[in-house]
Amino acid sequence: MSDKTDQAKAKLLELRASIDNIDAALVHMLAERFRCTKAVGHLKAVHDLPPADPAREERQIARLRRLADDANLDPDFAEKFLNFIIREVIRHHEAIAEEHGTGAKTGEKA
Ligand SMILES: C=C(O[C@@H]1C=C(C(=O)O)C=C[C@H]1O)C(=O)O
């Protein structure tokens, strides 16, 4: 094995160690976000508020796109990622409202 291959392998291990740390941080951050959004879901169910808030989502997406652009991350990807998470949050909110007996689905007439 050449020195160059050994160097490349060492670099690969180093980069993968960082990737593993970042993945762990992402899991912890997502867990914390879902802990907060579940609490929001309970508040909404108790006060009979709708699971989704499209105006808030619009502001979040515009902000995240700006942040992504500044950070050299594809804004379309950032938007898709946030939308993916928000859809899951809304699913949780609908389930919480259902359990609470206040469960009209998003977009459904009361
Ligand atoms: C968490 C909320 O509920 C929904 C989920 C959102 C989110 O995951 O950020 C944002 C808006 C709502 O559609 C909220 O209203 O703040």
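Start by selecting His 93, a buried residue with a relative accessible area of 4%. What you have open is a predicted model, so treat this tour as a walk through computed geometry.

**Stop 1: around His 93**

His 93 sits in helix 3. Leaving aside residues up to four places away in sequence, show its contacts: His 93 touches Thr 37, Val 40, Gly 41, Lys 44 and Pro 51. Keep Lys 44 in mind, as this residue comes back at the ligand stop.

Now move along to Glu 94, also in helix 3. Is Glu 94 buried or exposed? Its relative accessibility is 16%, and because the cut-off for buried is under 20%, Glu 94 counts as buried. For a sense of distance, draw a line from the C-alpha of Glu 94 to the C-alpha of Ala 62: the two residues are 25 Å apart in space and 32 residues apart in sequence.

**Stop 2: the whole of helix 3**

Widen the selection to residues 75-100, which make up helix 3. This helix has 26 residues, and from first C-alpha to last it reaches 37 Å, close to the 38 Å expected at 1.5 Å a residue.

Next, colour the buried residues of helix 3, among them Pro 75, Ala 78, Leu 82, Ile 85, Val 89, His 92 and Ala 97. What do these buried residues pack against? Their partners are helix 1 (3-46) and helix 2 (54-70).

Then look at the two ends. At the N-terminal end, Asp 74 acts as a cap for helix 3, with a side-chain oxygen 3.0 Å from the backbone nitrogen of Asp 76. Just after the helix comes Gly 101, with a positive phi of about 80°.

**Stop 3: the nonpolar core**

Select Ala 52, Ile 61, Leu 82, Ile 86 and Ile 90 together: these five residues form the largest nonpolar core. Helix 3 supplies the largest share of this core, with three residues. Zoom in on Ile 61 and show its contacts, again skipping residues up to four places away in sequence: Ile 61 touches Glu 79, Leu 82 and Asn 83.

**Stop 4: the ligand**

Click on the ligand and show what surrounds it. There are 14 surrounding residues, and the closest are Arg 33, Lys 44, Asp 53, Glu 57 and Gln 60. Three distances to oxygen atoms of the ligand are worth displaying:

- Glu 57 places a polar side-chain atom 2.5 Å from a ligand oxygen.
- Lys 44 has a polar side-chain atom 2.7 Å from an oxygen of the ligand.
- Gln 60 has a polar side-chain atom 2.8 Å from a ligand oxygen.

Lys 44 links back to the opening stop, since His 93 touches Lys 44.

**Stop 5: two loops**

Go to Asp 48, in the loop between helix 1 and helix 2. Although Asp 48 is not a glycine, its phi is positive, at about 55°. Asp 48 is exposed, with a relative accessible area of 56%.

Follow the chain to the loop between helix 2 and helix 3, where you will find Asn 72. Here, too, a residue other than glycine has a positive phi, near 65°. Asn 72 is exposed, with a relative accessible area of 77%.

**Last stop: the annotated span**

Finally, select residues 6-97, which an unreviewed UniProt entry annotates as "domain: Chorismate mutase". How much of this span is helix, and how much strand? The figures are 88% helix and 0% strand, and the end C-alpha atoms lie 57 Å apart.

Methods
Residues are numbered from 1 along each chain as its sequence is written. This is a predicted model: local features need pLDDT of at least 70, side-chain atom pairs count only at pLDDT 80 or more; totals for chains, interfaces and linings use all residues. Side-chain values use heavy atoms; hydrogens and water are left out. Helices (H or I, at least four residues) and strands (E, at least two) are DSSP runs, numbered from the N terminus. The expected span of a helix is 1.5 Å times one less than its number of residues. Buried means under 20% relative accessible area, exposed over 50%, partly exposed in between (1.4 Å probe, protein chains only). Contact means heavy atoms within 4.5 Å. A polar contact is a pair of N or O atoms within 3.5 Å; within protein, one must be able to donate a hydrogen and the other to accept it, and residues adjacent in sequence count only if both atoms are side-chain atoms. A nonpolar core is a set of buried Ala, Val, Leu, Ile, Met, Phe, Trp, Tyr and Cys residues joined through side-chain atoms within 4.5 Å. UniProt positions are given in the numbering used here, feature names are shortened, and annotations may be inferred rather than shown by experiment. A residue is near a molecule or strand if one of its heavy atoms lies within 4 Å of it.
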